[in-house]
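Visitor: I am new to this structure and should be grateful for a close look at a single part of it. Would you please take the salt bridges, and then the surroundings of one helix?

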Amino acid sequence: MNRQTPDARARLAVALDLPDHAALLAMARRVAPEAGILKLGLEAFVAEGPSLVRTLVESGAGVFLDLKLHDIPNTVSRAAAAAVRTGASIVNC
């Protein structure tokens, strides 16, 4: 049963820090009705790639791509632009 208001759901982010693709997608399906944002960290992104972000976005989820980008400014700029093209709602630097 969904007891949260739409505003509460929008403010709730759930970290999907799981070891493999199947477990991550299963958790995403389980929490999506309650969470407005699903957070993917660097480990999942490197293991699964941009297609995982696109899969979550296509399912209707907001995605926080938590890559903690920090490098040469031009490199960060290009990497952040590439991350945004995945459809992620939030990318941190």
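Guide: What follows treats the salt bridges and then turns to helix H4 and its surroundings.

The model is a predicted one. The mean pLDDT of the chain is 88, and 94% of the residues reach 70 or more. Confidence is highest in strand E2, at 94, and lowest in helix H1, residues 6-11, at a mean of 78.

The salt bridges number 3. One of them pairs lysine 39 with aspartate 17, with 3.4 Å between the closest N and O atoms. This pair connects distant parts of the chain, 22 residues apart: lysine 39 belongs to strand E2 (residues 37-41), while aspartate 17 sits in the loop between strand E1 (13-15) and helix H2 (21-31). The partners also stand on opposite sides of the accessibility scale. Lysine 39 has a relative accessibility of 14% and counts as buried, because the cut-off for a buried residue is under 20%. Aspartate 17, at 53%, counts as exposed, because that class begins over 50%.

Another salt bridge joins lysine 39 to aspartate 66, where the closest N and O atoms are 3.5 Å apart. Here too the pair links distant parts of the chain, since aspartate 66 lies in strand E3 (residues 62-66) and lysine 39 in strand E2, 27 residues apart. Aspartate 66 is buried, with a relative accessibility of 8%. The side chain of aspartate 66 also meets that of lysine 68 in a salt bridge, at 2.9 Å from N to O. Lysine 68 is exposed, at a relative accessible area of 55%. Through shared partners, these salt bridges unite Asp17, Lys39, Asp66 and Lys68 in one network.

We may now turn to helix H4, which spans residues 50-58. Within H4, the residues Leu52, Val53 and Leu56 are buried. Viewed down the axis of H4, the buried residues fall within an arc of 100°, and therefore they line one face of the helix. The elements covering these buried residues include H2, E2, helix H3 (42-48) and E3. Strands E2 and E3 thus appear in both parts of this account: they hold lysine 39 and aspartate 66 respectively, and they are among the elements that cover the buried residues of H4.

Glutamate 58 also has its place in H4, but glutamate 58 is exposed, with a relative accessible area of 69%. The C-alpha atom of glutamate 58 is separated by 8.7 Å from that of glycine 87, although the two residues are 29 apart along the chain. Just after H4 comes glycine 60, which takes a positive phi of about 100°.

A further residue to consider beside this helix is threonine 86, found in the loop between helix H5 (73-85) and strand E4 (90-91). Threonine 86 is buried, at 5% relative accessibility. Leaving aside residues up to four places away in sequence, threonine 86 touches Pro50, Val53, Arg54, Val57 and Leu65. Of these, Val53 is one of the buried residues of H4. The side chain of threonine 86 also reaches two backbone atoms: the oxygen of alanine 83, at 2.5 Å, and the nitrogen of alanine 88, at 3.4 Å.

Note on methods: Residues are numbered from 1 along each chain as its sequence is written. This is a predicted model: local features need pLDDT of at least 70, side-chain atom pairs count only at pLDDT 80 or more; totals for chains, interfaces and linings use all residues. Side-chain values use heavy atoms; hydrogens and water are left out. A salt bridge is a side-chain nitrogen of Lys or Arg within 4 Å of a carboxyl oxygen of Asp or Glu. Helices (H or I, at least four residues) and strands (E, at least two) are DSSP runs, numbered from the N terminus. Buried means under 20% relative accessible area, exposed over 50%, partly exposed in between (1.4 Å probe, protein chains only). The arc is that of the directions from the helix axis to the C-beta atoms. Contact means heavy atoms within 4.5 Å. pLDDT is the predictor's confidence in each residue, from 0 to 100. A polar contact is a pair of N or O atoms within 3.5 Å; within protein, one must be able to donate a hydrogen and the other to accept it, and residues adjacent in sequence count only if both atoms are side-chain atoms.
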